[in-house]
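Hi,

Here is the structure I promised to pass on to you. Have a look at it first, and then read my notes underneath.

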Amino acid sequence: MNTTPQEIRRIFDEYDKILLTVHVSPDGDAIGTLLALYEWLQRQGKTVVAVIDDTIDDTFSFLQGAAEIKKPDAVTVDASWLTVVLDATAKSRTGAVETLMQGKVLNLDHHISNEHFADWEYIRTDHAAAGEVLTSLFQSWRTEITPTMATALYLAIATDCGFFKFGNTTGHTLRTAAALVDAGALPNVISEHLDACPWQKIRALSEVLNKVELLGGKRIACIAFTPELLQYTGEHTGGYIDYARNISGVDVAFTVKYERPEETRVSLRSKTVDVNAIAAVFGGGGHVRAAGCTIFASLAAAKKMIAAEIMKAL
């Protein structure tokens, strides 16, 4: 049931114990939004637990509260807890956290592919990021946004719109980011943390770039994260797709990442093609220009399946 900012505030006032979660493979938008709401709820005197069924990139470790995020097996809740699902389109996107959702569920999201699974939802597809959605809520409530909350929210928004370069950037997005800077976010400090690259990642980048393949008359770029390549990159591979997307003449870039022998995670980015529609074929989704899915097939088979769907769209 879609609801209003005022109703969401009433829901938060009603519950004393709140579980926060986001999608697996959490990106900057998911982490930043989660930590901003986590701090705000703590400041309201709530008992709050933040849980993610995945590892978190060290890039985000500078954010306040990042060290307090738990894994599902370390959390015990009951039906008296409200679960807030941020930046996720379905319960299944939260992995094992789904089993912890015993009470009511509130979903705050911005994806057009949302499956409308929650008891209450606030979905703003006109916003570039979940961080923009949450900031808008805070502004409507006229509540304080602390410098640490502003930092987390600015990171959330900036990373989900390519630091204001992607087509989902609107005037509202820019005004929201400006308000967060006024509240204490420091764009230069955030960028320094995100851009800091240890030697291991530089070495990994050279290995990844050697694995880029061009398909479909060089209009498609693909990176296959095999177990061998993952030995260089580690589990966090999200940033590499932008190198493939930025190749001149490429319209669609995608990555396939080995999870298990018959499970492959896919990420898609495009300049003109609706990749949300492509991801939807395999039960995934996201945005028109950025989407993802999981295919229960081998890495090689998943790569062929995704490439074939992209070719239909070109």
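Let's start with the overall layout: the C-alpha centres of domain 1 and domain 2 lie 25 Å apart. Keep in mind that this is a predicted model. The domain assignment puts residues 5-195 in domain 1 and residues 199-313 in domain 2. Where the two meet, 13 residues of domain 1 are in contact with ten residues of domain 2.

Now for the sheets. One of them is an open sheet of five strands with parallel pairing, and its order is β2-β1-β3-β4-β5. The edge positions go to β2 (47-51) and β5 (120-123); each has a single partner strand, so one side of each has no neighbour in the sheet. On average, neighbouring strands here are turned by 15° against each other, if you ignore direction. If you'd like to trace one pair by eye, try β1 (residues 17-22) and β2, which pair in the parallel sense over five bridges. A handy landmark there is I18, which stands opposite V48 in β2.

Which helix packs on this sheet, touching β1, β3, β4 and β5? That's α1 (residues 5-14), and its direction makes about 135° with that of β5. In case you want to find the other two strands, β3 covers 82-86 and β4 covers 105-109.

There is also an open sheet of six strands, this one with mixed pairing, in the order β6-β7-β8-β9-β11-β10. At its edges stand β6 (213-215) and β10 (285-286), and since each has a single partner strand, one side of each is left without a neighbour in the sheet. β6 runs antiparallel to β7 (residues 220-225), and three bridges join the two. Here the landmark is E213, standing opposite C222 in β7. Helix α11 (residues 299-313) packs on this sheet and touches β6, β7, β8 (252-260), β9 (263-270) and β11 (290-295). The direction of α11 makes about 155° with that of β8.

Last, a pocket to look at. The second largest pocket holds about 270 Å³ of space. Which domains does its lining come from? Domain 1 and domain 2 each give at least three residues to it. The lining has 15 residues in total, and those nearest the centre of the pocket are D57, D58, K201, T233 and H236. Two helices, α7 (199-209) and α8 (227-233), each supply at least two residues of the lining. By type, the lining divides into seven polar, four nonpolar and four charged residues.

That's what I have for now. Happy browsing!

Definitions and conventions
Residues numbered from 1 in each chain as written. Predicted model: local features only at pLDDT ≥ 70, side-chain atom pairs only at ≥ 80, totals over all residues. Heavy atoms only, no water. Pairing = 2+ DSSP bridges. Helix = DSSP H or I, 4+ residues; strand = E, 2+ residues; numbered from the N terminus. Axes fitted to C-alpha atoms, helices over the stretch in contact; angles between N-to-C directions. Contact = heavy atoms within 4.5 Å. 1 Å grid on protein atoms, 1.4 Å probe; cavity = no way out; pocket = protein on both sides within 12 Å on 5 of 7 lines; lining within 4 Å. Points joined across faces, edges and corners; volume = space filled by probe spheres on them. Nonpolar A, V, L, I, M, F, W, Y, C, P; charged D, E, K, R; others polar. Domains from an automatic or database assignment.
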